[in-house]
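Work through the exercises below with the sequence and the coordinates open. Each task is followed by a solution in steps.

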Amino acid sequence: RSGSAGRCERAKSAASGARRPTPPRVSQGGGRRETTRRSGGNRRASTMAAADPYVLVEDEIRSGLENIESRLYDDKLENLVRENTATGTLKSLQNSLESAEMQITELHKAVRASFASPEKFNLTQRQVETRKKQIDAFRVTTAKFHDRINDLFEAERLSKRAQQASNKNTPARSGPSIVSSYMNDEASSAYDHQMLLMKQQDEDLDSLGMAAQRVGQMGLQIGEEIELQTNVIGELEDDVDTTKARLTAARNMINK
């Protein structure tokens with residue numbers, strides 16, 4: 001797999017994220033100097049985000065999967081399947097997909113390392129959750145592409161079978177025999193059925209991907225609510241401690 005080792009090394013070196021700089025505060029007077037400072041801060045933030053190893057690897061994975069998708073769902077590939085000449089192209093797509101999966105696995109390890117203590121990597125819990133959901137979405141996509149490749153391999157096999165049956169049972173003197181015609185029709189029907197199943201599986205996987213995104217959004221909302229409730233509980237505990245200290249002081253004054 002050309003270039004897969006280098007891509008995996010970049011994925012392994014992807015830390016869980018660079019620290020996002022805080023933009024400068026705008027004073028009430030507002031002026032040209034403060035505006036310049038703010039624009040400079042935005043440029044620095046964009047530069048640091050672009051240098052984030054996680055972002056670089058994520059963009060590379062997304063670009064690779066988009067390239068695989070454009071080739072995998074191209075009409076030219078289906079024509080190659082019908083002509084029984086798609087094996088090389090399908091194997092190349094399979095290798096590219098396996099290389100992307102290796103990158104996703106290494107990126108998942110980096111994100112998992114930051115999941116327990118996000119503050120050590122200058123991240124928030126929400127940022128870590130977002131990255132984890134993105135990796136899950138990548139895995140759903142690669143599973144969909146694997147099913148598509150396997151279906152095309154099967155379709156090509158059926159197409160070869162139909163062609164071999166046609167060539168084997170065609171008489172030299174006259175047109176196709178009844179047996180040859182029957183076997184050719186059977187193989188053609190099996191091929192059409194396989195293509196229909198492929199389309200149905202693609203639709204099911206698209207629905208599954210949308211459902212995974214909805215679950216991810218719900219998870220983020222639940223995380224935000226838990227964080228809010230945790231802050232409220234912390235404030236309540238502080239109030240309880242303060243009240244307890246006052247009661248203790250009042251009891252000591254009464255005892256005296």
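## Exercise 1: the sides of a helix

In helix 4, which spans residues 75–82, the buried residues are L77, E78 and V81. The model is a predicted one.

Task: explain why L77, E78 and V81 are placed on the same side of helix 4, and state which exposed residues the face turned away from the buried side carries.

Solution.
1. Start from the buried set, L77, E78 and V81.
2. Around the axis these residues cover an arc of only 100 degrees, so they sit on the same side of helix 4.
3. The general rule is that an α-helix has 3.6 residues a turn, so residues three or four places apart point the same way.
4. Now turn to the face directed away from the buried side: D75 and K76 are the exposed residues found there.

## Exercise 2: the overall fold

Task: state how many helices and strands the protein has, and what share of its residues is buried.

Solution.
1. Assignment of secondary structure gives seven helices and zero strands.
2. Read from the N terminus, the order of elements is α-α-α-α-α-α-α.
3. The protein has 256 residues, and 27% of them are buried.
4. Take the contacts with a separation of 6 or more: 77% of them join residues 24 or more positions apart.

## Exercise 3: the nonpolar core

Task: identify the residues of the largest nonpolar core that touch the most other members, and the helices that each supply at least two residues of this core.

Solution.
1. The largest nonpolar core has 27 residues, and those touching the most other members are I61, L65, L72, L77 and L152.
2. At least two residues of this core come from each of helix 3 (53–72), helix 4, helix 5 (87–115), helix 6 (125–168) and helix 7 (178–255).
3. L77 links this exercise to the previous work on helix 4, where L77 is one of the buried residues.
4. For I61, set aside the neighbours within four places in sequence; the contacts are then Q103, I104, L107 and F138.

## Exercise 4: positive phi outside glycine

Task: locate N84 and N122, and decide whether each is buried or partly exposed.

Solution.
1. N84 follows helix 4 and belongs to the loop between helix 4 and helix 5.
2. Phi of N84 is positive, about 60 degrees, although N84 is not a glycine.
3. The relative accessible area of N84 is 14%, so N84 is buried; the cut-off for buried is under 20%.
4. N122 lies in the loop between helix 5 and helix 6. Its phi is also a positive value near 60 degrees, in a residue other than glycine.
5. With a relative accessible area of 42%, N122 is partly exposed.

## Exercise 5: side chains that meet the backbone

Task: for Q127 and S114, find which backbone atom lies by a polar atom of the side chain, and at what distance.

Solution.
1. Q127 is in helix 6. At 17% relative accessibility Q127 is classed as buried.
2. A polar atom of the Q127 side chain lies 2.9 Å from the backbone nitrogen of T124.
3. S114 is part of helix 5, and its relative accessibility of 1% makes it buried.
4. From a polar atom of the S114 side chain to the backbone oxygen of V111 the distance is 2.8 Å.
5. Both distances can be set against the cut-off for a polar contact, within 3.5 Å.

## Exercise 6: residues separated along the chain

Task: describe the surroundings of K144 and give the C-alpha separation of S92 and I68.

Solution.
1. K144 lies in helix 6 and is buried, with a relative accessible area of 12%.
2. Apart from neighbours within four places in sequence, K144 is in contact with Y73, D202, L205 and D206.
3. K144 and L208 are 64 residues apart along the chain, and their C-alpha atoms are separated by 9.9 Å.
4. S92 is in helix 5 and is partly exposed, at a relative accessible area of 31%.
5. The C-alpha atoms of S92 and I68 are separated by 9.8 Å, with these positions 24 residues apart along the chain.

## Exercise 7: rings

Task: find which residue lies over the face of Y54, and state how many aromatic pairs the structure holds.

Solution.
1. The residue over the face of Y54 is R131, at 4.1 Å from the ring centre.
2. The count of aromatic pairs in the structure is one.

Conventions:
Residues are numbered from 1 along each chain as its sequence is written. This is a predicted model: local features need pLDDT of at least 70, side-chain atom pairs count only at pLDDT 80 or more; totals for chains, interfaces and linings use all residues. Side-chain values use heavy atoms; hydrogens and water are left out. Rings of Phe, Tyr and Trp (its six-membered ring) pair if their centres lie within 6.5 Å; planes under 30 degrees apart count as stacked, over 60 as edge-to-face and the rest as tilted. A charge sits over a ring if NZ of Lys or CZ of Arg is within 6 Å of the ring centre and within 35 degrees of the ring normal. Buried means under 20% relative accessible area, exposed over 50%, partly exposed in between (1.4 Å probe, protein chains only). Helices (H or I, at least four residues) and strands (E, at least two) are DSSP runs, numbered from the N terminus. The arc is that of the directions from the helix axis to the C-beta atoms. A nonpolar core is a set of buried Ala, Val, Leu, Ile, Met, Phe, Trp, Tyr and Cys residues joined through side-chain atoms within 4.5 Å. Contact means heavy atoms within 4.5 Å. A polar contact is a pair of N or O atoms within 3.5 Å; within protein, one must be able to donate a hydrogen and the other to accept it, and residues adjacent in sequence count only if both atoms are side-chain atoms.
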